[in-house]
Amino acid sequence: METIIEKIIPKAFLVGVCLNKRDLEQKELSLDELERLADTAGIETKGKFIQSRSKIEKSTYVGKGFLEDLKAKMEMVQADILIFDNELSPTQGRNILKRHEIEAIDRTELILDIFHDHARTKEAKLEVKIAELKYQLPRLKKLWSHLDRERGSSGSAGGASRGMGEKQIEVDKRIIRQEIGKINSELTHIMKQKITQRKQRENVKKVCLVGYTNSGKSTLFNKLTGADVLVEDKLFATLDSTARSLELEKGKSIILSDTVGFISSLPGNLVASFRATLKDVNDADLLVHIVDISDDNCEEQIKAVDIVLKEIEAHEIPSILVFNKVDRLSEHRVREEIFVDKYPRSVIISAVTGENIEKLLKKIDDMLNLSSVYKLLFPFEEQKLLAQLHDFGKVLSKDFTDEGVEVEAVINKEDLKKVEKYIVKT
Ligand SMILES: Nc1nc2c(ncn2[C@@H]2O[C@H](COP(=O)(O)OP(=O)(O)OP(=O)(O)O)[C@@H](O)[C@H]2O)c(=O)[nH]1
Ligand SMILES: [Mg+2]
């Protein structure tokens with residue numbers, strides 16, 4: 001007899017909070033992104049709600065009445081979970097379940113779930129495991145509180161009245177910490193091996209593709225190197241790093257890497273756990289920052305990527321801004337015209353049609369050969385030139401002193417003549 005296995009797709013309501021009316025549009029875009037995350041994780045979105053309020057409700061994040069109302073609506077469409085577009089504290093998650101009988105998860109848990117499913121290499125799997133364990137640590141209570149209830153314990157800490165659940169939590173916490181320690185040493189071992197491999201190709205310049213998830217990094221990587229890294233219209237298709245040699249011109253090769261994409265409000269733990277995978281970013285001589293120009297939120301995405309680059313201390317590496325998917329803009333390409341003016345140092349390409357790829361390769365070559373870091377001292381009356389430097393160079397630091405403004409910046413040789421007289425000899 002044939003058995004039909006019905007795949008049960010979890011159904012969810014998505015919830016965001018808006019504390020300031022001016023942020024409403026941004027919150028809506030963020031909820032749309034959460035819906036894409038849910039879809040990637042195999043969860044169907046049944047409704048999206050934003051609650052406007054003046055401050056966060058400490059115990060349940062959103063208000064009691066709002067939760068009751070949501071619960072009724074969820075029952076009507078048989079939605080099983082509530083996904084919050086922000087990080088819920090362990091207590092808030094617990095309270096929502098206990099007081100309203102609603103299973104609530106947050107953005108972080110959803111991202112962790114996707115990372116869990118998409119990790120392919122041993123390194124990425126270990127990194128995801130660490131992030132999961134760190135996420136679990138403060139939330140263990142949820143799993144064991146039933147022990148206290150069953151034994152009628154008051155659950156108060158200390159002495160003989162201490163509940164079974166509480167003891168179990170401590171044991172578990174110790175086990176989890178030991179596990180994290182073990183995985184960390186395994187990762188250190190893998191990283192050491194990688195360093196040895198890298199030393200052998202030290203004299204080759206390294207270029208790394210970075211950018212928001214789904215911006216087209218892997219598509220460009222495959223196009224340039226002939227590799228077949230997985231490309232998907234889903235978030236976080238790539239979770240590991242791949243490196244390939246690429247010939248810029250005859251006899252002149254670089255190493256190009258494709259790596260995991262970033263997203264706004266990327267959980268700190270996750271970034272910290274991905275040190276080994278993100279090592280390709282830190283080791284690069286040049287970063288190629290890919291942006292999806294067809295996404296209405298792309299300027300916010302640039303900012304989100306810059307925040308993560310700063311977090312992993314890669315913000316001082318010279319970079320090229322590349323707007324991708326220009327083929328998706330409508331006929332008049334108004335946004336392209338605006339961005340050419342607004343980001344004059346950027347390159348606008350299509351990784352699919354190949355438009356402007358040659359121009360990008362030339363730019364990569366120029367940047368690798370020609371840019372270096374310079375120390376400059378600008379007299380106060382040269383403010384205009386200093387403002388221009390922000391445009392044609394990459395300002396790393398700025399210090400106001402008695403003599404003028406001390407600046408450290410990455411400057412292309414072509415532009416150097418504009419500020420040459422202010423270079424400080426070291
Ligand atoms: N129209 C168009 N689509 C593109 C272009 N580049 C990438 N895409 C599509 O965008 C989606 C995401 O592409 P990927 O290359 O997987 O993006 P990614 O930046 O590697 O994404 P993650 O690995 O998930 O961070 C896929 O459906 C691609 O086919 C482009 O230039 N034009
Ligand atoms: Mg990718």
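This briefing describes the surroundings of a ligand, two sheets and several helix packings in one structure.

The structure is a predicted model. Within it, 23 residues surround ligand 1, an open sheet of six strands has mixed pairing, and three further strands form an open sheet with antiparallel pairing. Helix H4 takes part in two of the helix packings described below, one with helix H5 and one with helix H1.

**The shell around ligand 1**

- Among the 23 residues that surround ligand 1, the closest are Gly 216, Ser 218, Asp 233, Thr 238 and Gly 261.
- Helix H8, which covers residues 217-225, supplies the largest share of this shell, namely three residues.
- Sorted by class, the residues of the shell around ligand 1 comprise 11 polar, six nonpolar and six charged ones.

**The six-stranded sheet**

- Read from one edge to the other, the strands of this open sheet follow the order E6-E7-E5-E8-E9-E10, and their pairing is mixed.
- Strand E6 (242-249) and strand E10 (347-348) stand at the edges with a single partner strand each, so one side of each has no neighbour in the sheet.
- The partner of E6 is strand E7 (residues 252-258), to which seven bridges join it in an antiparallel run, and within this pair Arg 244 stands opposite Leu 256 in E7.
- Helix H8 packs on this sheet, where it touches strand E5 (205-211), E6, E7, strand E8 (286-292) and strand E9 (319-324), and the direction of H8 makes about 155° with that of E7.
- Helix H11, made of residues 298-311, lies across E5 and E8 and runs at about 150° to E8.

**The three-stranded sheet**

- The order of the strands in this open sheet is E11-E13-E12, with antiparallel pairing.
- Its edge strands are E11 (372-378) and E12 (394-400), each of which pairs on one side only.
- When direction is ignored, neighbouring strands of this sheet are turned against each other by 15° on average.
- Six bridges connect E12 with strand E13 (residues 405-411) in the antiparallel sense, and the bridge partner of Phe 400 in E13 is Val 405.
- Helix H14 (residues 383-392) packs on this sheet and touches E11, E12 and E13, while its direction makes about 30° with that of E13.

**Helix H4 with helix H5**

- Helix H4 (residues 107-118) and helix H5 (residues 122-136) have axes 10 Å apart and pack at an angle of about 150°.
- Because angles over 145 degrees count as roughly antiparallel, H4 and H5 are described as roughly antiparallel to each other.
- The crossing of these two helices, H4 and H5, is left-handed.
- On the H4 side, Thr 108, Leu 112, Phe 115 and His 116 meet Val 128, Ala 131, Glu 132 and Tyr 135 of H5, and this contact divides by class into five nonpolar, two polar and one charged residues.

**Helix H1 with helix H4**

- Helix H1 (residues 24-40) packs with H4 at an angle of about 40°, and the axes of the two helices are 9 Å apart.
- The crossing of H1 and H4 is left-handed.
- Here Leu 34, Leu 37, Ala 38 and Thr 40 in H1 meet Arg 107, Leu 110, Ile 111 and Ile 114 in H4, and by class the contact contains six nonpolar, one polar and one charged residues.

Definitions and conventions: Residues numbered from 1 in each chain as written. Chains lettered and ligands numbered in written order. Predicted model: local features only at pLDDT ≥ 70, side-chain atom pairs only at ≥ 80, totals over all residues. Near = placed C-beta within 6 Å. Helix = DSSP H or I, 4+ residues; strand = E, 2+ residues; numbered from the N terminus. Nonpolar A, V, L, I, M, F, W, Y, C, P; charged D, E, K, R; others polar. Axes fitted to C-alpha atoms, helices over the stretch in contact; angles between N-to-C directions. Parallel < 35°, antiparallel > 145°, perpendicular 65-115°, else oblique. Left-handed = near helix turned anticlockwise from the far one by under 90°. Contact = placed C-beta atoms within 7 Å. Pairing = 2+ DSSP bridges.
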